[in-house]
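Have a look at the model below and keep the viewer open while you read. We'll start at one spot on the outside and work our way in.

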Amino acid sequence: MMNVPSRPSSRAGLLAAGAAAVTVVLWASAFVSIRSAGAAYSPGALALGRLLAGALTLGAISLLRREGLPPRAAWPGILISGLLWFGFYMVALNWGEQQVDAGTAALVVNIGPVLIALLGARLLGDAMPPRLLAGMAVSFAGAVTVGLSMSGGGGSSVLGVVLCLLAAVAYAAGVVAQKPALSTASPLQVTTYGCLVGAVACLPFAGQLAGEAAHAPLAATLNMVYLGVFPTALAFTTWAYALSRTTASRMGATTYAVPALVVLMSWLALGEVPGVLTLAGGGLCLAGVAVSRSRPRAVAAPAPREGAGEPDRARDAV
C-alpha cells in the first residue's frame, strides 16, 4: 500500500522550502547593498559592522523568546561555523571581491556548494543522488556564465583568487559544522551564537569601523545595518531552520538561485539591464536548482495479469 504523507509532514516541508526561499532572496539582496556599503567601508570593518547589527538583532529576539544558552553538545558546531562562516568568510569574501573581476569571483566562490556536497557525503553521510549532482553541475555552469557576462573586465590578482577560494572553503566547512549542532539546539540559538562568535572574531577591525563610520555616507551605513538585520540575522536563521530539515548538500545546491536573483534585483534596483548571456546564465541557475531539489516519481506497482493472481500470491508468500 502506498504511504500518503501526513498533513503535518507536508506542512513542515512547505515551511522548510519557504525558509530556504527567504534565505536565497535576502542573500541575493545583500550583493546590491554591499555595493553601497563597500565603497565606504573596508572589508574587515564592513564584516564587523554587519555582524554587530546581526548579533544585536538576534540577541534581542532570543531574549524575547527566552531561548537560553545552547546545549553543550551544540557548541563545537557553533564555534566552528561562527569562526569560519560568520567571521572569516565575510572578511575574505569582501576583500577578495575587491581584488578580482566578477567572473573570477563567480567561478571560485561558487565551488562552495560543491564542497558542501563532498564534505556532507564524507562527514555527515549525505546521499548524493544523480539528480542532485546533475542539478549542481547545471547551476554551477549558470553561475559562471552570469559572473563572466557581468564582469567589468577588471584584472584578477593571485591574492584575490586565493581569498575567494578560502572564502568558499570556509563557507562549506561552516555549513557542514553547523548541521550537527542543529540536532541539539534550535535554529535561532545556532544562528545567534554563531553570529556572536563571528563578531568577537572580527573585533580587531573595531578601530577601522569607528574611523570609517565617522566619515561614511548615511546610505552606506544604513546598507551595512540592513546587511546585519536581514541577510544576516533573518536569512541565516531561516537557513538554519531549513538546514535542520534537509541535508547540507541539498541546501547548498539551493543557493545557486542567488546569482539569478542578483541579476533580477540589479535590473530592478540599479537599472542594470542584463544581456542575453546573463539571462541565459540565470536561467541555468534556476533550472539546476529545480533539478537538484526534485525527487524521482514513485513508480506504481503493475496491475496483476488476468489469471495470474494465485501464482503471484504464492510467490509473494515465499
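R66 is exposed, with a relative accessible area of 78%. In this predicted model, R66 sits in the loop between helix 2 and helix 3. Check its backbone while you're there: phi of R66 is near 55°, a positive value, and the residue isn't a glycine. Most residues other than glycine have a negative phi. R66 is also what follows helix 2 along the chain.

Next to R66 you'll find a charged pair. The side chains of R65 and E67 meet in a salt bridge, with 3.4 Å from N to O. How many salt bridges does a search of the whole structure find? The search turns up 1. As for its arginine, R65 is exposed, because its relative accessible area is 58% and the cut-off for exposed is over 50%.

Now follow the two helices on either side of that loop. Helix 2 covers residues 43-65, and its 23 residues should span 33 Å at 1.5 Å a residue. The end C-alpha atoms of helix 2 are 33 Å apart, so the two values agree. Helix 3 runs over residues 75-96, with 22 residues. From first C-alpha to last, helix 3 reaches 29 Å, close to the 32 Å expected. If you trace the axis of helix 3, you'll see a bend of about 35° at F88.

Time to zoom out. The secondary structure comes to 14 helices and 0 strands, so the pattern along the sequence is simply α repeated from start to end. Of the 318 residues in the protein, 46% are buried. The protein exposes about 15800 Å², and carbon and sulfur atoms supply 69% of that area. The contacts reach far along the chain, too: among those between residues at least 6 apart in sequence, 93% join residues at least 24 apart.

For a look at the inside, pick helix 8, residues 187-201. Helix 8 has 15 residues and reaches 21 Å from its first C-alpha to its last, close to the 21 Å expected at 1.5 Å a residue. Why is helix 8 largely enclosed by the rest of the structure? Because 12 of its 15 residues are buried. The buried ones include P187, Q189, Y193, C195 and A199. And what covers the buried residues of helix 8? The cover includes helix 2, helix 3, helix 7 (158-181) and helix 10, so both helices flanking the R66 loop turn up again here.

Helix 10 spans residues 218-243 and holds T232. T232 is buried, with a relative accessible area of 0%. Its side chain still has polar company: the side chain of T232 makes a polar contact with the side chain of R50 at 2.6 Å. The T232 side chain also reaches the backbone oxygen of L227 at 2.8 Å. Setting aside residues up to four places away in sequence, T232 touches R50, M90, C195, L227 and T237. C195 in that group is one of the buried residues of helix 8.

Another polar pair takes you back to the start of the chain. S29 has its place in helix 1, residues 7-37. Is S29 buried or exposed? At 11% relative accessibility, S29 counts as buried, because the cut-off is under 20%. The side chain of S29 makes a polar contact with the side chain of Y226 at 2.8 Å. Beyond residues up to four places away in sequence, S29 touches Y226, P231 and M265.

Last stop is C285, which lies in helix 13, residues 276-293. C285 is buried, with a relative accessible area of 0%. Which residues is C285 in contact with, leaving aside its neighbours within four places in sequence? They are S139, G142, A143, Y256, P259 and A260. For a distance to check in your viewer, try L261: the C-alpha atoms of C285 and L261 are separated by 9.6 Å, with these positions 24 residues apart along the chain.

Methods: Residues numbered from 1 in each chain as written. Predicted model: local features only at pLDDT ≥ 70, side-chain atom pairs only at ≥ 80, totals over all residues. Heavy atoms only, no water. Helix = DSSP H or I, 4+ residues; strand = E, 2+ residues; numbered from the N terminus. Buried < 20%, exposed > 50% of the residue type's maximum accessible area, 1.4 Å probe, protein only. Contact = heavy atoms within 4.5 Å. Areas by Shrake-Rupley, 256 points an atom, 1.4 Å probe, with all protein chains shown as cover. Salt bridge = Lys/Arg side-chain N within 4 Å of Asp/Glu carboxyl O. Polar contact = N/O pair within 3.5 Å; in protein donor to acceptor, adjacent residues only side chain to side chain. Expected span 1.5 Å × (residues − 1). Bend = angle between axes of the 7 residues up to and from the residue.
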